[in-house]
Amino acid sequence: MNRIRLVWSHIWKVLSDFFVSVGSSENLSVAIFVMDSLRQLAMKFLEREELANYNFQNEFLRPFAVVMQKSNASEVRELVVRCISQMVLSRVNNIKSGWKSVFTVCMVFYG
């Protein structure tokens, strides 16, 4: 967690694709497990203050939005909404660029 944001950005490009791929899996147990793991990791990132003019929060929350759009499993989609809800409720003061992904999840769920 103590790596500089530029390093995390490069790492996240690979991890993000992994989380989307596995989170959209037809194996429901695996998809739920990986989305919960993503939630735990995202909560750690939200503890850190976002730098001005930097959109890393949006980058690491984007897999939630993509899985929400791709997944046909209602259980996974419900878990994504609960994960986002928990993050907003517990870290609302820390969220900056991440609001874009939060609102995308909400629009897909309610839209």
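**Asn94 and its contacts**

I began with Asn94 in this predicted model, asking which residues it touches beyond its neighbours within four places in sequence. I found contacts with Leu46, Glu47 and Gln57. Next I looked up where Asn94 sits: it belongs to the loop that joins helix 4 (74-91) to helix 5 (99-110). Then I checked what the Asn94 side chain reaches, and noted the backbone oxygen of Leu46 at 2.7 Å. Leu46 is thus a residue I wrote down twice, once for the contact with Asn94 and once for that backbone oxygen.

**Helix 5, end to end**

From the loop I moved on to helix 5. I wanted to know how the span of its twelve residues fits with 1.5 Å a residue. The expected span is 16 Å, and the end C-alpha atoms lie 16 Å apart, so the two agree.

**Helix 5, two sides**

Which residues of helix 5 are buried? I listed Ser101, Val102 and Val105. These three cover an arc of only 105 degrees around the axis, so they sit on the same side of helix 5. I jotted a reminder here: an α-helix makes a turn every 3.6 residues, so residues three or four places apart point the same way. Turning to the other side of helix 5, I found Lys100, Met107 and Tyr110 exposed. I also asked what covers the buried residues of helix 5. The cover includes helix 3 (56-70) and helix 4.

**Aromatic pairs**

My last lookup was the rings. How many aromatic pairs are there? The count comes to eight, taking ring centres within 6.5 Å as the rule. One of them is Phe18 with Phe19, an edge-to-face pair with 5.7 Å centre to centre and 65 degrees between the planes. I checked each partner for burial: Phe18 is partly exposed at a relative accessible area of 45%, whereas Phe19 is buried at 8%.

Then I looked at Phe45 and Phe56. Their ring centres are 5.2 Å apart and their planes stand at 80 degrees; planes over 60 degrees apart count as edge-to-face, so this pair is edge-to-face. The pair links distant parts of the chain, with Phe45 in helix 2 (residues 28-47) and Phe56 in helix 3, eleven residues apart. Are Phe45 and Phe56 buried or exposed? Both are buried.

To finish, I asked which residues form one aromatic cluster together with these four. I noted Trp12 and Phe60 alongside Phe18, Phe19, Phe45 and Phe56.

Terms used: Residues numbered from 1 in each chain as written. Predicted model: local features only at pLDDT ≥ 70, side-chain atom pairs only at ≥ 80, totals over all residues. Heavy atoms only, no water. Helix = DSSP H or I, 4+ residues; strand = E, 2+ residues; numbered from the N terminus. Polar contact = N/O pair within 3.5 Å; in protein donor to acceptor, adjacent residues only side chain to side chain. Contact = heavy atoms within 4.5 Å. Expected span 1.5 Å × (residues − 1). Buried < 20%, exposed > 50% of the residue type's maximum accessible area, 1.4 Å probe, protein only. Arc of directions from axis to C-beta. Phe/Tyr/Trp six-rings, centres within 6.5 Å; stacked < 30°, edge-to-face > 60°.
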